[in-house]
Amino acid sequence: MEIVCLDLEGVLVPEIWIAFAEETGIPELKRTTRDEPDYDKLMKYRIGILKEHGLGLKEIQETIEKIDPLPGAKEFLDQLRSLTQVIIVSDTFSQFAGPLMKKLGYPTIFCNSLVVAPDGEITDFKMRCEKSKYTTVKALQSIGYDTIASGDSHNDLGMIEASKAGFLFRTTDAIKQEYPQYPAFATYDELLAAIKEVIA
């Protein structure tokens with residue numbers, strides 16, 4: 001049995017932090033896992049900037065409410081879910097994911113959580129498990145699933161490498177050059193066709 005593990009941001013929805021950086025006019029918040037492979041370091045950096053500017057969860061959630069899935073993402077996900085099981089495996093946070101899952105038709109998501117003070121300040125974050133994407137696909141394999149994984153950033157490479165088949169999707173030229181062994185696609189039709197081939 002196969003199960004498809006998809007990244008969320010950059011694959012199905014726009015990058016939340018980039019949208020928030022544009023909304024607030026704070027360019028430093030545009031850094032993502034495409035730029036900084038160390039997620040722990042990246043999140044500490046983001047929390048520091050939020051504190052400096054007096055911004056908290058409420059402001060980020062207001063931006064997220066305005067974010068729509070990427071064009072064609074929901075249709076792609078619906079088609080994929082009619083063929084096989086799909087889990088979104090994301091390094092985002094449950095406090096961010098809700099409105100986006102609603103717009104995507106409530107797929108299953110495994111993500112992390114933020115530590116939020118009573119005044120709404122984001123003080124820390126809790127990862128669901130270490131190397132969460134890699135650990136998730138290994139756990140699914142341990143209960144009898146073959147995993148097929150796709151993502152766009154450095155933090156997706158663990159689950160892509162560990163899976164029966166892995167695909168880069170709308171990634172950077174630098175990541176494509178560094179990991180030429182993984183097919184890289186730019187459209188949902190191409191990705192769906194590649195996944196169908198593995199399932200068949």
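In the predicted model, seven strands form an open sheet in the order E4-E3-E2-E1-E5-E6-E7, and the pairing within this sheet is mixed. The edges are occupied by strand E4 (122-126) and strand E7 (184-185), each of which has a single partner strand, so one side of each is left without a neighbour in the sheet. In general, the strands of a sheet pair through backbone hydrogen bonds, in either the parallel or the antiparallel sense.

Strand E2, comprising residues 85-93, is mostly covered, with 8 of its 9 residues buried. In the strand order, E2 stands between E3 and E1. Strand E1 (residues 2-6) pairs with E2 in the parallel sense over 4 bridges. Within this pairing, cysteine 5 has isoleucine 87 of E2 as its bridge partner, and leucine 6 is matched with isoleucine 88 of E2. Strand E3 (residues 108-116) likewise runs parallel to E2, to which 4 bridges join it. Isoleucine 88 also takes part here, standing opposite isoleucine 109 in E3. Isoleucine 88 is thus placed opposite leucine 6 and opposite isoleucine 109. The connection from E2 to E3 includes helix H5 (residues 94-103), and the three elements make a right-handed β-α-β unit.

The search for enclosed space returned 1 cavity of 30 Å³ or more. The volume of the largest cavity is about 140 Å³. Its lining consists of 15 residues, with Glu9, Glu15, Thr33, Tyr39 and Asn155 lying nearest the centre. Helix H2 (39-53) and strand E2 are the elements that give two or more residues to this lining. By class, the lining of the largest cavity comprises 7 charged, 5 polar and 3 nonpolar residues.

As for open space, the largest pocket has a volume of about 280 Å³. A total of 14 residues line the largest pocket, and those nearest its centre are Asp91, Lys131, Ser132, Lys133 and Asn155. Asn155 is accordingly listed among the residues nearest the centre of the largest pocket and among those nearest the centre of the largest cavity. At least two residues of the pocket lining are supplied by each of helix H6 (132-142) and helix H7 (157-162). The largest share, 3 residues, comes from H6. The lining of the largest pocket divides into 6 nonpolar, 4 polar and 4 charged residues.

Terms used:
Residues are numbered from 1 along each chain as its sequence is written. This is a predicted model: local features need pLDDT of at least 70, side-chain atom pairs count only at pLDDT 80 or more; totals for chains, interfaces and linings use all residues. Side-chain values use heavy atoms; hydrogens and water are left out. Buried means under 20% relative accessible area, exposed over 50%, partly exposed in between (1.4 Å probe, protein chains only). Two strands pair if DSSP finds at least two bridges between them. A crossover is right-handed if, with the strands pointing away from the viewer, the path from the first strand over the helix to the second runs clockwise. On a 1 Å grid over the protein atoms alone, a cavity is a set of points where a 1.4 Å probe fits but cannot get out, and a pocket is an open set with protein on both sides within 12 Å along at least five of seven lines; lining residues have an atom within 4 Å of a point. Grid points are joined across faces, edges and corners, and a volume is the space filled by probe spheres set on the points. Ala, Val, Leu, Ile, Met, Phe, Trp, Tyr, Cys and Pro count as nonpolar, Asp, Glu, Lys and Arg as charged, and the others, Gly among them, as polar.
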